[in-house]
Amino acid sequence: MLDIGKVREQFPITRQRFRVLASPEPRPLIYMDHGASTHPPTPVLETYKEFLECSYANVHRGRHYLSEIATDRFEHVSDDIFRFIKGNRAANNVILCSNTTQALDLAAHVMAHREGITLVSLMEHHSNDLPHRSRGKVVHFGVKADGTLDYDDLETKLSAHRVKLVAVTGASNVTGYLTDVDRIARMAHARGARVLIDGAQLLAHARVDVRPDSDPGHLDFFAGAGHKAYAPFGSSFLFGPTELFDAAPPYIPAGGTVVYVTEDEAYYKKSPDRHEGGTPNIAGAVALAAALRFLEEVGIEAVRAHERGLVERAMQALARIDGVRVLGDPDPAHRIGALSLTIEGIPHELAASVLNREAAIAVRNGCFCAHPYLHRLLGLTDTSELRRRLTAGEEVELPGAVRPSFGIFNDEAEVDELVRMIRVIRDRAWKGEYADIPGAAACKEL
């Protein structure tokens with residue numbers, strides 16, 4: 001069981017205060033935007049700072065002490081990643097990148113020269129869709145009206161096409177829905193396809209097991225990022241088969257990727273160096289490893305149980321507020337801690353602004369870089385007028401939702417305050433004028 005008091009003490013951000021409307025004293029920040037970025041705890045911050053102060057040097061470049069220390073620490077980052085995701089080094093490698101988008105783009109690059117099409121779910125963040133579109137034919141498989149994955153449609157598409165890769169999220173950044181990655185991998189492998197899991201939302205919130213290569217449920221590629229797993233910005237990784245990494249041309253042909261260069265030829269290194277061109281974010285990678293060790297020490301199962309309890313508490317309370325709709329699967333057991341919701345008659349930008357300015361509650365609003373999925377959840381079947389206006393260059397207020405997303409240091413009192421403020425917004429009882437938000441005044445008058 002998670003000792004939430006002890007956990008909160010390790011996160012300096014929990015001591016942040018902001019002034020809000022109609023309050024004489026600054027209010028404690030209630031941070032519920034973990035789906036966008038998580039905050040590093042003190043042990044990770046100390047590791048990051050210590051590296052910058054005592055070991056700052058480039059890797060693979062020098063024979064002096066600092067370079068040797070930095071290189072050693074950098075090269076051992078993959079040890080922590082392999083252990084955390086239960087990966088096998090014998091036939092796989094870890095490429096260090098700057099963010100999940102780059103890691104997913106690298107996977108698309110590695111698979112670009114293989115025969116077949118890529119199947120991409122309609123649940124995906126754009127980062128696990130657009131890179132595949134830019135490198136070959138993409139066919140989408142569907143989601144149901146409740147936001148869950150349509151496995152029957154996946155099976156149909158696998159049967160109808162020669163598929164080289166199935167790209168799917170491990171947990172939706174919109175609804176928090178947990179996909180059955182083991183089932184997806186088995187379905188893909190039965191048809192001779194590989195599977196790529198976008199693990200950005202999954203890594204810090206539920207157990208990850210890529211399984212042995214011989215297991216039909218093995219995850220061929222898995223991408224994750226530090227800034228969504230309690231590390232600083234700028235670090236991520238892609239786990240995948242060494243054979244495929246080495247067979248692909250270098251992702252960015254540059255310094256660090258080559259063994260020898262002449263005027264006419266270049267001889268490239270094997271993975272991981274083959275795809276890690278230029279100077280990497282060494283301090284960020286070291287901090288990512290520290291963050292994974294922190295999560296191991298806390299216990300990922302304890303984190304999962306704690307966040308599931310918060311989700312259940314929030315969903316039960318929000319279900320009792322007329323006019324509030326939580327998007328996606330109604331079963332909290334099928335989610336990580338992301339909840340996208342709408343409030344009848346209230347623009348999502350206004351709702352997020354009220355939460356921020358009147359209660360210091362930090363949430364995300366908008367389309368969450370997953371437009372097709374959100375449109376399906378909102379029941380928007382005809383977007384022709386929206387497309388026409390965009391094509392004409394008009395400014396368009398896109399449909400969207402409000403997304404509170406819970407993390408390791410959120411507690412029940414914060415969830416209760418969120419629910420209280422959602423009710424205030426539903427009742428149009430906010431205190432501010434919000435003249436900077438279109439339609440705010442009209443909402444208040446209703």
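In which helix is threonine 156 found? In this predicted model, threonine 156 belongs to helix 7, which covers residues 151-160.

**View 1. Threonine 156 and the surroundings of helix 7.** Threonine 156 has a relative accessible area of 48% and is therefore classed as partly exposed. Although 15 residues separate threonine 156 from phenylalanine 141 in sequence, their C-alpha atoms lie 8.8 Å apart in space. Helix 7 itself lies across strand 5 (117-121), strand 6 and strand 7, and runs at about 150° to strand 6.

**View 2. The open sheet of 7 strands.** The strands follow the order 4-10-9-8-7-5-6, and their pairing is mixed. Strand 4 (92-97) and strand 6 (138-141) form the edges, each of them pairing on one side only. Direction ignored, neighbouring strands of this sheet are turned against each other by 20° on average.

**View 3. Strand 4, strand 10 and helix 5.** Strand 4 pairs with strand 10 (residues 236-241) in the antiparallel sense over 6 bridges, and cysteine 97 stands opposite serine 236 of strand 10. Helix 5 (residues 100-111) lies across strand 4, strand 7 (163-169), strand 8 (194-198), strand 9 (221-225) and strand 10, with a direction of about 160° to strand 9.

**View 4. Cysteine 367 and cysteine 369.** A search of the whole structure finds 0 disulfides; for cysteine 367, the nearest cysteine sulfur is that of cysteine 369, 8.7 Å away. Because this 8.7 Å separation is too far for a bond, the sulfur of cysteine 369 is not joined to that of cysteine 367. Cysteine 367 counts as buried at 9% relative accessibility, whereas cysteine 369, with a relative accessible area of 32%, is partly exposed.

Conventions:
Residues are numbered from 1 along each chain as its sequence is written. This is a predicted model: local features need pLDDT of at least 70, side-chain atom pairs count only at pLDDT 80 or more; totals for chains, interfaces and linings use all residues. Side-chain values use heavy atoms; hydrogens and water are left out. Helices (H or I, at least four residues) and strands (E, at least two) are DSSP runs, numbered from the N terminus. Buried means under 20% relative accessible area, exposed over 50%, partly exposed in between (1.4 Å probe, protein chains only). A disulfide is a pair of cysteine sulfur atoms within 2.5 Å. Two strands pair if DSSP finds at least two bridges between them. Axes are lines fitted to C-alpha atoms, for helices over the stretch in contact, and angles run from 0 to 180 degrees between N-to-C directions. Contact means heavy atoms within 4.5 Å.
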